[in-house]
Amino acid sequence: MKQIETNIDVQSEQYRFNITEYQPVLDEYKSRLQSVFNRENEPSVQKHTSRGKFPARKRIELLVDPGTAFLELSALAANEQYNNNFPAAGIITGIGIVQGKKVMIVANDATVKGGTYVHETIKKHIRAQEIAMQNHLPCVYLVDSGGIYLPEQANVFADRFNFGRIFNNQAQMSAKGIPQISIVFGSCTAGGAYIPAMSDETIIVRGQGTIFIGGPPLVKAATGEDVTAEELGGAHVHTSVSGVADHLAENEVDAIRKCRAIFETIPASKAQIVDRKEPKPPIYPANELYGIAPVDLKKQVDPKEIIARIVDESRFNEFKANYGTTIVSGFAHVDGFPVGIIANNGFLTTEAAQKAAHFIELCNFRKIPLVFLQNITGFIVGKKYEHEGIARAGAKMIHAVATASVPKITLVAGGSYGAGNYAMSGRAFDPNFLFMWPNTKIGVMGGEQAAGVLSSIGNKTNREQLEKQFETESSVYYSTSRLWDDGVIDPADTRKVLALAIETSLNRKIEEPKTGIYRM
Ligand code: COA
């Protein structure tokens, strides 16, 4: 494989300007993360720890194998919504290693409104289950939740992908042979009671954990019966009277130890065997990506400059290098794992879309996971292109992306606009993971273009207001707050995150391709 030669001069004025321009973008990202991670002085956290309870992230740290990485997802979910009262949407999800096995961990954060669920909390919980299903990962639920956040009940209760979906998923996952274990560290009320009740095995902490369909106040109101939480559904009741839980833990550490012991008997997943090479770092430093990532999305970035700072030894075997050049495609390794990369290098054209579709078929047959590097304003427009059938070429690419049997990992590195988002494995195409850089934007089109379209069809919408609306709604933080992605990542961490995502996506066998290779 040929080594990519960079054209970036790190001494140049342009590069230095780019670095300066990126700094505030990175600072904003880090400060938003800080507000989620550093909450130890908040009264609800102090109340929690003063009760001798561990914070949710500490529980995760104790659960996973020491020294192993935890891939946290969507840390900025619900950011800037609900007056910022739901950091991380009150739930921590991510992939860790327990007894050498990859596991999806879903942990309620009881310091966020009693661990209750708003719309984004549910979306995040369900997304974690979907990832577990797609990648055949056992699940551990670290339960400590008051159930539905009652003032939001109309947005969380009755619809198809609302609270009930969590329990439907549990049953579906179980039927697919995906193990699920619960540790009840605190409350588990109403519908929430089904999380431990539907798990394969459940551990409950003495004096802390409670499980009940209706809590004491509801029982009193409904039947007049006076009962304490402990008598109604405490750890002793559920491990020796009702049988709803299986293991009585003396404290949180004991509960985590018991969970780890359970994982000794959970069989490892039948992973896809790939030809993994010895991992070798790229020859160019990752932090140079700060001088390459586009802040002004109108400026085109050569995707090979990004690829060179992500893949092993910066080696890239390009496919159809001189054809349909607005797509760059080729083979490389990330942390030793073989990958096929499809990256934007301008508008999608007929040739570029056909080349991408052809390349996806190659990856399908070779069982090589796909990485989509998005920086796309959309498909090329105009009479010439419509006449040559750009829609037909785009349809081929979209078909190939949608039905690819190999894992797909999408990284949005610049703009993600219009049908380009779809063709490049946007959220609707079920990539195994989708991450975004802090400088990115996502939307149907830019605000300026939308205002132009509306005024040309006679719409009287206030132009300035519309542009502002588009600006806000296409922000990466607007996206990640609403779980349109699996998280915003620091460009310098891209290789590490991609490697974890690829390894996770190979946790199950890749299906055989459904079609032959059609040369486009
Ligand atoms: N809906 C809305 N808000 C809730 C809530 C719920 N279901 N459960 C807790 N909260 C809020 C509290 O009002 C409080 O808000 P504040 O910080 O603005 O004052 C915050 O969450 C923490 O609750 P608090 O009771 O002070 O904490 P706690 O740790 O002592 O107890 C619970 C936590 C979950 C055990 C307890 O709040 C509770 O039993 N909640 C009701 C659970 C329930 O009946 N749910 C049924 C809905 S499915």
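Visitor: Which residue has a backbone N or O atom 2.9 Å from a nitrogen atom of the ligand?
Guide: Keep in mind that we're looking at a predicted model. Among the closest of the residues surrounding the ligand are Gly146, Ile148 and Leu150. The one whose backbone N or O atom sits 2.9 Å from a ligand nitrogen is Ile148.

Visitor: And how far is a polar side-chain atom of Lys113 from an oxygen atom of the ligand?
Guide: Lys113 is also listed with the closest residues around the ligand. Here it's the side chain that reaches a ligand oxygen, and the distance from its polar atom is 2.4 Å.

Visitor: Which residue has a side-chain N or O atom 2.9 Å from a ligand oxygen?
Guide: We've just met Lys113, with its polar side-chain atom by a ligand oxygen. For the 2.9 Å pair, look at the side chain of Lys47.

Visitor: How many residues surround the ligand?
Guide: Arg51 and Lys113 are among the closest ones. Counting everything around the ligand, you get 13 residues.

Visitor: Let's move to the helices. Are α13 and α15 roughly parallel or roughly antiparallel?
Guide: Helix α13 covers residues 350-366 and helix α15 covers 390-403, and their axes come within 8 Å. They cross at roughly 20°. Angles under 35 degrees count as roughly parallel, so α13 and α15 are roughly parallel.

Visitor: What kind of residue makes up nine of that contact: nonpolar, polar or charged?
Guide: On the α13 side you'll find Ala353, Ala356 and Ile360, among others, while α15 brings residues including Ile390, Met397 and Val401. Three residues of the contact are polar and one is charged. The remaining class, with nine, is nonpolar.

Visitor: Is the crossing of α4 and α6 left-handed or right-handed?
Guide: Helix α4 (residues 119-135) and helix α6 (residues 163-175) have axes that come within 9 Å and cross at roughly 15°. That makes the two roughly parallel. Among the residues that meet are Ile122 and Met133 from α4, and Phe163 and Met173 from α6. As for its hand, the crossing is left-handed.

Visitor: What about α17 and α18: are they roughly parallel or oblique?
Guide: These helices, residues 447-456 and 463-473, pack with their axes 8 Å apart. Their angle is about 140°. Roughly antiparallel needs an angle over 145 degrees, so α17 counts as oblique.

Visitor: How many charged residues are in the contact of α17 with α18?
Guide: Glu448 in α17 takes part, and so do Arg463 and Glu467 in α18. Five nonpolar and three polar residues are there too, and the charged ones number three.

Technical notes:
Residues numbered from 1 in each chain as written. Predicted model: local features only at pLDDT ≥ 70, side-chain atom pairs only at ≥ 80, totals over all residues. Heavy atoms only, no water. Axes fitted to C-alpha atoms, helices over the stretch in contact; angles between N-to-C directions. Helix = DSSP H or I, 4+ residues; strand = E, 2+ residues; numbered from the N terminus. Parallel < 35°, antiparallel > 145°, perpendicular 65-115°, else oblique. Contact = heavy atoms within 4.5 Å. Nonpolar A, V, L, I, M, F, W, Y, C, P; charged D, E, K, R; others polar. Near = heavy atom within 4 Å. Polar contact = N/O pair within 3.5 Å; in protein donor to acceptor, adjacent residues only side chain to side chain. Left-handed = near helix turned anticlockwise from the far one by under 90°.
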